[in-house]
Amino acid sequence: MKDFIVDKNFKELTHHRTTVISMACYRTTINHNINGYIPMHWHEEFQFVLIIKGQAIFQIQEEQVIMDEGEALFINSGCLHLAKDLNNSGCIYTCLNVSPSFILSQELFRTYVYPYIEATNLSYILLTTKEQWATNIIDAILEIDRLIQQSPAIYEIDISIKLAQIWRNLIVNGFQLEYKESEMLKNQRMKEMLNWIHLHYTERIVLEDIARAGHLSRSECCRYFKRFVKETPLNYVMEYRIQKSLLLLQQPQYNVTDVAYQVGFNSTSYFINQFKKSMNITPLAYKKKMK
């Protein structure tokens with residue numbers, strides 16, 4: 001998938017399911033994305049990522065994880081995350097996105113799935129071949145990928161069995177779940193600030209505006225962004241404006257100046273400088289390249 005789109009609430013718009021089963025399995029080359037990386041987003045589905053080639057760095061909530069070929073990652077429902085290629089390795093990964101309600105039957109969901117969704121200390125789990133239970137999950141991801149590609153008879157049932165095996169391997173390993181109201185509140189405030197930026201990025205934005213959206217002081221707002229996004233609030237606004245400009249620059253009816261003002265810059269020269277700093281190419285050169 002080359003064009004990765006999220007809505008105003010930072011929720012990914014990709015439909016992670018087929019018409020038959022509530023899941024999707026696909027392969028992604030990170031640097032083929034229109035942004036050159038997979039931008040920060042979240043979705044309701046559980047996500048299992050398996051690195052097929054190269055290296056990647058994933059950020060889940062405020063933590064960063066470096067992944068090598070053969071390693072896998074579980075990302076919990078509702079957790080903010082992004083992915084970047086590491087060292088220009090041409091990273092390719094298989095991604096399995098599963099609706100939580102499809103993991104187990106409705107009768108078992110409340111006891112064995114829902115508590116893991118709500119846990120505040122379980123945003124992700126790194127899966128390596130050092131542990132047999134993790135190897136079992138990796139093998140099951142590969143088998144699900146094969147089943148979807150080949151679609152043999154009653155493969156949907158085989159996939160549901162594999163998903164149950166994956167979940168069993170996760171929960172039998174004794175993760176102590178925690179439920180901290182303060183952490184849930186921090187996550188919600190961060191999403192509120194990001195949502196406000198995505199609604200108002202075309203306007204003049206100052207730090208006080210962002211902080212007010214999260215019901216925080218200026219200093220607390222900066223701490224939140226440093227924790228979750230690893231940059232300042234205003235630097236995030238700058239980067240978001242540049243990312244929004246990429247699609248506009250591909251439209252023949254807009255020149256560079258048009259795009260600069262549409263995404264919130266009040267100076268074409270400043271837009272050009274910031275775009276080049278972020279993308280290592282000028283907006284005009286990018287426009288010609290995409291044409």
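## Exercises: a pocket, a sheet and two cores

The second largest pocket has 26 lining residues, and Gln61, Gly78, Cys79, Ala119 and Asn187 are those nearest its centre. This is a predicted model, where local features need pLDDT of at least 70 and side-chain atom pairs count only at pLDDT 80 or more, while totals for chains, interfaces and linings use all residues. Residues are numbered from 1 along each chain as its sequence is written, and side-chain values use heavy atoms, with hydrogens and water left out.

**Exercise 1.** Find out which elements line the second largest pocket.

*Solution.* Start with the term: a pocket is an open set of points on a 1 Å grid over the protein atoms alone where a 1.4 Å probe fits, with protein on both sides within 12 Å along at least five of seven lines; a lining residue has an atom within 4 Å of a point. Next, look for elements, which are DSSP runs numbered from the N terminus (helices: H or I, at least four residues; strands: E, at least two). Helix H3 (114–118), H6 and H8 each give two or more residues to the lining. Finally, H6 has the largest share, five residues.

**Exercise 2.** Work out the strand order in the open sheet of four strands.

*Solution.* Two strands pair if DSSP finds at least two bridges between them. Begin at E2, which two bridges join to strand E7 (residues 81–85); here His41 has His81 as its bridge partner. Then take strand E4 (residues 56–60), which pairs with E5 over five bridges, with Gln59 opposite its bridge partner Gln64 in E5. Two residues separate E4 and E5 in their hairpin, and Gln61 in the turn has a positive phi of about 55°. The full order is E2-E7-E4-E5, with antiparallel pairing. Strands E2 (38–41) and E5 (63–67) each have a single partner strand, so one side of each lacks a neighbour in the sheet.

**Exercise 3.** Describe the largest nonpolar core and what feeds it.

*Solution.* A nonpolar core joins buried Ala, Val, Leu, Ile, Met, Phe, Trp, Tyr and Cys residues through side-chain atoms within 4.5 Å, where buried means under 20% relative accessible area (1.4 Å probe, protein chains only). The largest core has 39 residues, and Met190, Ile210 and Phe275 are among those with the most contacts inside it. Contributors of two or more residues include helix H6 (181–200), helix H9 (233–249) and helix H11 (268–279). H9 gives the most, eight residues. A second, separate core of 34 residues includes Ala72, Phe109, Ala119 and Ile144.

Notes:
Buried < 20%, exposed > 50% of the residue type's maximum accessible area, 1.4 Å probe, protein only.
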